[in-house]
Amino acid sequence: MSAPLMSLHRCCQRSARLLVARRQLGSSSASPSSLPSRLLQFLSRRFYDVEMLLKWGSQLSRKQLRKKNLYYGYTESFYGPNVACAHYILSLGGGFRYAGQSQWFRADQRGRFSWDFLNHKDSPLEEVDMSHTVINYTGVLNLAEQQSLRTLKLQGCPEVDDWFLARLHVFQESLEELDISDCPRITTGGLPTLRNLKRLKRLNVSSLPGISSPGLVIILLEELLPQCHITADGYDLNLKEAGEEAMDGPR
């Protein structure tokens, strides 16, 4: 359940408890109910209705997320994997560039996009930008056929997690640049799976709130990916030094 829905849920619970307490303190000679009191009465009567509505809303949100990340097999059967991948990316509000071309295809702020990508059936994708979209680990299947993919940007994606990182091994022979900064669901346990990306040259792991001991994690990544330049902004600058001291042990 999302944070706003949880807040509303807790508010209704507190309101119901407050109404019960006020009724116990009240008397038969009390003045007519005020507007706040009538509001509390309404919330208490509708508490279970609100709870059911919140649960239904959470289920609907998960269902929509799964639907958005379904495998575009029907499109692929008619137009091939390149068009199917392009359609998936644009439908989620992302962007991409074909290999050997400078033009980027992107959805606008309203989610609308040009269908000119249908004319590039035989062109593989070289750069993909899915930043701030709801791509998740099942959606990776829509990109898996892009064996020429060199750059993948996933900055600020709320559904990118450790399972997602584990599936990136399908790009181990092509991917050179990966940006997973500001992804809240990535933890320390998922980052070591990036060692499968043999050709990775640039990795951005800035501002990952889910990782503990960032200094040690950065050192681990440098050992797993010695050929890769790692960007790790948004952390205490002394954390890396502290991590090195921790690995050296007490003196």
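**A tour from the surface patch to the cysteines**

Begin by selecting Tyr74, Phe78, Tyr79, Trp115 and Leu118, which form a nonpolar patch on the surface with about 590 Å² of accessible area together. Such patches are made of residues with over 30% relative accessible area and no salt bridge, with like charges joined within 9 Å and nonpolar side chains (Val, Leu, Ile, Met, Phe, Trp, Tyr) within 5 Å. A salt bridge is a side-chain nitrogen of Lys or Arg within 4 Å of a carboxyl oxygen of Asp or Glu. Accessible areas come from the Shrake-Rupley method with a 1.4 Å probe, and for residues only the protein chains shown count as cover.

This is a predicted model, in which local features need pLDDT of at least 70 and side-chain atom pairs count only at pLDDT 80 or more, while totals for chains, interfaces and linings use all residues. Residues are numbered from 1 along each chain as its sequence is written, and side-chain values use heavy atoms, with hydrogens and water left out.

Within the patch, select Tyr79, which lies in helix α4 (residues 73–79). Helices (H or I, at least four residues) and strands (E, at least two) are DSSP runs, numbered from the N terminus. Tyr79 counts as partly exposed at 38% relative accessibility; buried means under 20% relative accessible area, exposed over 50%, and partly exposed in between (1.4 Å probe, protein chains only).

Next, select Glu76, also placed in helix α4 and partly exposed, at 23%. Glu76 touches Tyr71, Pro81 and Ala84, leaving aside residues up to four places away in sequence; contact means heavy atoms within 4.5 Å. Add Asn142: Glu76 and Asn142 are 66 residues apart in sequence, yet 9.5 Å apart in space, C-alpha to C-alpha.

Move to the backbone at His132, in the loop between β3 (125–129) and β4 (151–153). His132 has a positive phi of about 60 degrees although it is not a glycine, and it is exposed, with a relative accessible area of 58%. Ser213 also has a positive phi, near 50 degrees. Find Ser213 in the loop between β6 (202–204) and α7 (214–224), where it is partly exposed at 41%.

Finally, select the cysteines. The structure holds zero disulfides, a disulfide being a pair of cysteine sulfur atoms within 2.5 Å. The sulfur of Cys157 is 5.2 Å from the closest cysteine sulfur, in Cys183, which is too far for a bond. Cys157 is buried, at 0% relative accessibility. Cys228 is buried as well, with a relative accessible area of 10%.
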